[in-house]
Amino acid sequence: MSRIQLLPEEVASQVAAGEVVERPASVIKELVENSLDAGAARIEIAARRGGASMIRVVDDGSGMDRDDALLCLERHATSKIRTGLDLASVSTLGFRGEALPSIASVSRFRLATREHGAVGGTEIVVNGGRIEAVRDSGEAPGTQIEVRSLFYNLPARRKFLRSEATEASHIEHQVHLQAIGHPGVGFALLLDDRLAFQLAPAASLAERVRDLLGDKLVGDLIELPGFDTGGVHVRGLIGKPGVSRSTRQQQIVFVNGRAVENPALNHGLREGYHTALMKGQFPITYLFLDIDPGQVDVNVHPAKREVRFRNPAAIREAVAQAVRITLESGRAAWARSFLPAPAPASPFAVPTESAQSPGIPEPLPLIPPAQQHVLRNDWAEFPRTSPAPGSPAPPETPPSPASVESLPLPGRPAPAVDAPTGFRIIGVLGRLYILLENAQGLVLVDQHAAHERILFEQMRRQMETGGVPGQRLLMPATLQLPPRDFDWVRSRIPDLHKMGIGIEEFGPGTLKIDTLPEYLIGGDPGQLVRDLIEELRGMDSATSRLRLGEDLIATTVCRHAVKAHDLLRGPELVRLIEDLLACDLPYCCPHGRPTMIQISHGELERKFGRVV
Ligand code: ADP
Ligand code: MG
């Protein structure tokens, strides 16, 4: 007898089910995708005991006639593609024709369906893949599928189910994804007969996110209005700079309506956020990419979670650019909150004697006047830009306000048209937090983080314009590299020059470094170039090249920024805040930590019980 045998259909379906149906949430994913493909306007999902005992999905979509209802339970039966060529441009969520037979083979399954306008419908009962009954049914137009006792005939698989609560949370996440991906469709989710949420069809993504996740989250998001780059349309909602999560759960990207994972998308997001994101943190995104279906292969994974892009670099670039532009443009709206505060002069405010910033009083002197002499000497030491070691010591006497104002700030941008000027400095808390009043209420600024951001943007601007001035090293350093790295660095010498790094060939496999930008002096030049090689390697897209060296700057500015407990006073405070507000991304330091926290009048009123 031949050793090889064809598997019976039921067993083949169970094998396929192993891939498609991982857990109750994957059953729900497949069923909801079918409802969406059928054009449903409302979908109701119910699950009991984490989906292990019962799952039901009811939609008001197209429904099926009896022939189709029978056919949809066959393996590889689908209405969504016809030929192999269609596989190259799938525009529906399903296409494999596998889900229903797979699910039906590992559960007690009931399908009731009726086309709109049909006199009656069809009900089919399947048990472990065997059709047990086909009869007329009088359900409403649309389709209902009920899946009971999932994996009852695959005990090994059933054992792998997690606790009911865990499975229920996977289900909830899955329905969230679908609801966000399709704001125009109404959704309801019942868990153990309790309504988890009900969402009316929404007019916009923002409305859907608000209905689902509340006002607070929506306040943390900004709209990415829609960018077209190289055949990719990117739109959605993304977290403001500094808003992040410790997991990827809320970093959600839909490609042609399908929530997917893909390294190019992850890289694009990280690159777009760049310094607006703390290390190890993930952004919140509800990002939608619409691209020609021919440019993306969805047939990678049976559960269709992964996709492959024809041109991943273009996708990565499109995402990075859209995110970066959005984050920086969100600035204008935010800056409006710094327009003149209508507040009456505080009884504590001391009238200003310096004329350099009209309307901005000097901070409240928190220190007894007797000690002020000492402090005045302190503030002269505030490093306006990063002084190189060995640069002249700060003057003994405090500079006059005018001379502070005229201290050189290389690369400082012309003030933006919307440069906000309306804030009032109240004082400094613990030599660390600058307290400001603006139109919305109280603002706390972390002076160290703020200064880091300012220095970072100055240096970056210099770098981009090719004008980082180099300083000659007293002792040029030489660096030996293995041939691969050597060739690589050699091809990048112009880029390095742009960064203020004077480097040239110095015999086979050897490089000489004789100039470094001011802010890098003091480190080990050889190690520095080695770190740079590492960094440069990961850079291929145009955005990345722009950001050449940024990580390095981000780590070095920290050393040069004003320290948390340095005492700042008068003009320095004003200047620091003005410079911060003129930054492209003022809300967070180059490591993604916030530079400021706003406490609104409303919040204060609630805290004091003035409003409920
Ligand atoms: P696929 O979605 O990959 O085509 P499925 O096994 O999920 O495969 O479904 C098989 C077919 O059954 C679909 O192509 C569709 O024609 C039909 N079908 C499934 N669910 C529904 C539904 N809720 N409403 C209408 N038709 C459906
Ligand atoms: Mg399907």
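How far from an N or O atom in the side chain of Asn34 is an oxygen atom of ligand 1? In the structure described here, which is a predicted model, the separation between these two atoms is 2.8 Å. Taken alone, ligand 1 exposes 530 Å², and 92% of that area is buried by the protein. Oxygen atoms of ligand 1 are also approached by the protein backbone, with a backbone N or O atom of Phe95 at 2.9 Å from one such oxygen and a backbone N or O atom of Arg96 likewise lying 2.9 Å from an oxygen atom of the ligand.

The surroundings of ligand 1 comprise 19 residues, of which Asn34, Thr78, Ser79, Lys80 and Gly97 come nearest. By residue class, this shell consists of eight nonpolar, seven polar and four charged residues. The element that gives the most to the shell is helix 4, covering residues 99-105, which provides three residues.

Turning to the chain as a whole, the protein contains 20 helices and 22 strands. The chain has 612 residues, and buried residues make up 50% of them. Its accessible surface comes to about 28900 Å², with 55% of this area belonging to carbon and sulfur atoms. Among the contacts in the chain with a separation of 6 or more, 70% are accounted for by residues that lie 24 or more positions apart.

Two of the helices were examined individually. Helix 6, formed by residues 164-181, has 18 residues and reaches 26 Å from its first C-alpha to its last, which is close to the 26 Å expected at 1.5 Å a residue. The buried residues of helix 6 are Glu167, Ala168, Ile171, Gln174, Val175, His176, Leu177, Gln178, Ala179, Ile180 and Gly181. Helix 13, formed by residues 447-464, has 18 residues that should span 26 Å at 1.5 Å a residue, and this agrees with the 26 Å that separates its end C-alpha atoms. Because 17 of its 18 residues are buried, helix 13 is largely enclosed by the rest of the structure. The N-terminal end of helix 13 is capped by Asp446, a side-chain oxygen of which lies 3.0 Å from the backbone nitrogen of His448.

Positive phi values were found at two loop residues. His274, although not a glycine, has a positive phi of about 40 degrees, and its place is in the loop between helix 9 (263-273) and strand 13 (285-291). With a relative accessibility of 18%, His274 counts as buried, the cut-off for this class being under 20%. Arg431, also a residue other than glycine, has a positive phi near 55 degrees and is found in the loop between strand 16 (424-429) and strand 17 (433-438). The relative accessible area of Arg431 is 37%, so this residue is classed as partly exposed.

Strand 13, which follows the loop that holds His274, includes Leu289. Leu289 is buried, its relative accessible area being 1%. Leaving aside neighbours within four places in sequence, Leu289 is in contact with Val232, His233, Val234, Val253, Phe254, Val255, Asn256, Leu265, Ile315 and Val319. In addition, the C-alpha atoms of Leu289 and Arg235 are 6.7 Å apart in space, although the two residues are 54 residues apart in sequence.

Methods: Residues numbered from 1 in each chain as written. Chains lettered and ligands numbered in written order. Predicted model: local features only at pLDDT ≥ 70, side-chain atom pairs only at ≥ 80, totals over all residues. Heavy atoms only, no water. Near = heavy atom within 4 Å. Polar contact = N/O pair within 3.5 Å; in protein donor to acceptor, adjacent residues only side chain to side chain. Areas by Shrake-Rupley, 256 points an atom, 1.4 Å probe, with all protein chains shown as cover. Helix = DSSP H or I, 4+ residues; strand = E, 2+ residues; numbered from the N terminus. Nonpolar A, V, L, I, M, F, W, Y, C, P; charged D, E, K, R; others polar. Expected span 1.5 Å × (residues − 1). Buried < 20%, exposed > 50% of the residue type's maximum accessible area, 1.4 Å probe, protein only. Contact = heavy atoms within 4.5 Å.
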